[in-house]
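Please look through the sequence and the model shown here before reading on. The report that follows moves from single residues to strands, and from there to the domains and the ligand.

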Amino acid sequence: MTVKNAKWGSWADPPKVHSPEEFSEILETEVLVIGAGIAGMSCAYRAAQSGVKVTVMEKLDRYTARGFNVGAVNSSVLEKYGIHNDPDAFVREWVKRCGNRCDERLVHLFAYRSPEALEWVLDLVTRPEYNVRTAISGSRYMGETYQEIYGAHFFLNGPVSRQGRPGGVSDVLECMYQEMQKLGVRFLFNTPMEQLIKENGRVTGAAAVKEDGSLIAVKAARAVVLATGGIGGNDEMCEDLSPLANRTSGKVCFPKGSDVGDGHRAALWAGAAFEDTPFPTMIHPQLYLHSSYCFLFVKNDGKRFMNEDTYLQAKSLNIIQQGEKYIWSVFDSDWPEKIPATLPYGGGIFWGQENPLGEEQFSVEKEQAVIDRGLKSGITVMADTPEELAEKMGVDRDGFTATLARYNEMCRNGHDDEFGKRPELMIPVDKPPYIARKIGPALLAVVGGVTVDPDMRVLDDEKNPIPGLYAIGNVAGGRYGVDYPMILPGNSIGSGLTFGYLLGTALGNDA
Ligand SMILES: Cc1cc2nc3c(=O)[nH]c(=O)nc-3n(C[C@H](O)[C@H](O)[C@H](O)COP(=O)(O)OP(=O)(O)OC[C@H]3O[C@@H](n4cnc5c(N)ncnc54)[C@H](O)[C@@H]3O)c2cc1C
């Protein structure tokens, strides 16, 4: 059984185990899913489809949905664009990019089963009553160095977006939620799980606190599924398990209270092992604006520090490594011509605008609006001379003017002597007025957790399954190992969906 690591903070201290008389109510179910995010909702819906009695316990007042990119390696949507990805090549690249520290069995499962999970979602969301439009993200790194495949699925104009609220994953989860209501799934909202209940070596349920403060138990005859998300919102846990998460310039782990590691702790107390630390992080340079392009990045001493032509996770890690809270992406007033010229070489998601494949990939009007908004709020600055721009950015003036002159000279020579940026992207920044936009790394999620096997069973230190206990989504470890790979944008939600679907299928088949 895992014991508390002596270096860990009080978050790991096991609570007092409740005695049965402390529960004001004991509910019974077959499958208890704890956490109504993409992983939990997918598992619950899939299991409920086969007639199993499912209870979903959620600490917040509704399900949690974020993001727009849902990654699947292949699908009928991709086929419509004539795209078929090679799953084996995908697995090899993923394993390489994760420093060989991920569990290849899980990656292989995702590569081969994500299409089936996605078709299952398509079957639901395209029903006339939901009428969700699907598309593929057109953003992809076009070079050879950082392979990024098409496969981020967009779900547009669904029931949530039609009400004027942000859609995407919300649209998918709303459809699942409505279907689960029809199937009689019991939702316990505002009911945070406090600890798991273990009897004779088997996890048989969970103790939770109701809104009125009373303690209840939910007993699950078949399985208890942890789908409680990550630890990103818990600074103390991050410091011990994933310190990089606390070095970002900000955390966008919302809604508040969702990603605080409750499931990790409960699993630990029930005897689960964690994957090796530090846990991998998902960090995107989106604290201020999404698109960063590939022109010239400078830090606060006015100096260049990296090859700007890389993918979003890499940009973020580089900025953190420099000890900077934010850097500046510098371009010029010729951007309406210069940006489109870079698109055939493009640098993946959030590098530029996020538009569906096959549709307009760059809109000058859209970009102008982003610039205007930025100028108003101060996260973008504009000036007629490099000196003035440096002043507005608040960076070292001499450092910046020297950097800009040298950068433009290298562009004219067609070779990046400093960091080896592709020659096609060595585009001078020389047409006043000059523009600079703030880029800051934000933590989206910590994507590491308890050790699981390919059946999503939670393992102890001896790699033995803990009977009755499963984990999916960000509470589960093994998918990434060291870093969040951008080979397939949206792979976090995509894998939450896939493993939720697979576990839900297995629990249903056991019925
Ligand atoms: C702003 C933003 C944008 C993102 N965009 C994308 C994207 O486009 N594509 C992508 O792949 N990834 C994206 N991500 C990451 C992605 O959202 C997460 O990795 C993914 O949602 C994790 O899913 P999950 O089901 O494991 O956890 P979550 O979605 O975090 O769900 C966990 C649920 O468990 C509940 N819970 C926690 N503790 C308890 C408890 N004690 N009792 C009961 N319930 C509990 C939480 O309240 C929550 O509802 C984004 C993240 C952020 C922050």
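Two residues are said to be in contact if their C-beta atoms, placed from the backbone, lie within 7 Å. The structure described here is a predicted model.

With that meaning of contact in mind, we can begin with Gly257, which lies in the loop between β10 (250-251) and α7 (262-269). Leaving out residues up to four places away in sequence, Gly257 touches Lys59, Leu60 and Gly233. The C-alpha atom of Gly257 is separated by 9.9 Å from that of Gly232, although the two are 25 residues apart along the chain. Is Gly257 buried, partly exposed or exposed? Gly257 has 14 other C-beta atoms within 10 Å, and because a residue needs 20 or more to be buried and 12 or fewer to be exposed, Gly257 is partly exposed.

Thr342, in helix α9 (residues 335-342), can be treated in the same manner. Thr342 has 21 C-beta neighbours inside 10 Å and therefore counts as buried. When residues up to four places away in sequence are not counted, Thr342 touches Cys294, Leu425 and Ile427. The C-alpha atoms of Thr342 and Glu79 are separated by 27 Å, and these residues are 263 residues apart along the chain.

We now turn to the strands. One open sheet has 3 strands in the order β3-β5-β4, with antiparallel pairing. In this sheet β3 (70-71) and β4 stand at the edges and have a single partner strand each, so one side of each is left without a neighbour in the sheet. Ile136 stands opposite His153 in β5.

Another open sheet, also described by its order, is made of 3 strands as β10-β16-β11, and its pairing is mixed. Here β10 and β11 (281-284) are the edge strands, each with a single partner strand, so one side of each has no neighbour in the sheet. Across from Lys251 stands Leu443 in β16.

Strand β13 (residues 327-332) deserves a separate look, since 6 of its 6 residues are buried, so β13 is largely enclosed by the rest of the structure. Ile327, Ser329 and Phe331 point one way from β13, while Trp328, Val330 and Asp332 point the other way, and all are buried. Strand β12 (residues 296-298) is one partner of β13, and the bridge partner of Leu296 in β13 is Val330. Strand β15 (residues 434-439) is also joined to β13, with Lys438 in β15 as the bridge partner of Trp328.

The table gathers the strand pairs with their sense and number of bridges.

| Strand pair | Sense | Bridges |
|---|---|---|
| β4 and β5 | antiparallel | 4 bridges |
| β12 and β13 | antiparallel | 3 bridges |
| β13 and β15 | antiparallel | 6 bridges |
| β10 and β16 | parallel | 2 bridges |

At the level of the whole chain, the domain assignment gives domain 1 (11-280 + 448-511) and domain 2 (286-440). The C-alpha centres of domain 1 and domain 2 lie 35 Å apart, and the contact takes 25 residues from domain 1 and 25 residues from domain 2. On the side of domain 1 that touches domain 2, the elements that give two or more residues are β4 (133-136) and β5 (152-156). By class, this side of domain 1 has 13 nonpolar, 8 polar and 4 charged residues.

The largest nonpolar core has 150 residues, and those with the most contacts inside it are Ala44, Val225, Ala471 and Ile472. Where does this core lie with respect to the two domains? Both domain 1 and domain 2 give residues to the core, so it lies between them. Ile472, leaving aside its neighbours within four places in sequence, is in contact with several residues, including Ala39, Cys43, Val225, Met456 and Leu503.

Finally, we come to the ligand. Of the 40 residues around the ligand, Gly35, Gly37, Gly67, Gly229 and Gly473 come nearest. The elements that give two or more residues to this shell are α1 (38-49), α7, β16 (442-446) and α13 (491-509), and the largest share, 5 residues, comes from α13. The residues of the shell divide into 17 nonpolar, 18 polar and 5 charged.

Methods
Residues are numbered from 1 along each chain as its sequence is written. This is a predicted model: local features need pLDDT of at least 70, side-chain atom pairs count only at pLDDT 80 or more; totals for chains, interfaces and linings use all residues. A nonpolar core is a set of buried Ala, Val, Leu, Ile, Met, Phe, Trp, Tyr and Cys residues joined through C-beta atoms within 7 Å. Domain bounds come from an automatic or database domain assignment. Ala, Val, Leu, Ile, Met, Phe, Trp, Tyr, Cys and Pro count as nonpolar, Asp, Glu, Lys and Arg as charged, and the others, Gly among them, as polar. A residue is near a molecule or strand if its C-beta atom, placed from the backbone, lies within 6 Å of it. Two strands pair if DSSP finds at least two bridges between them.
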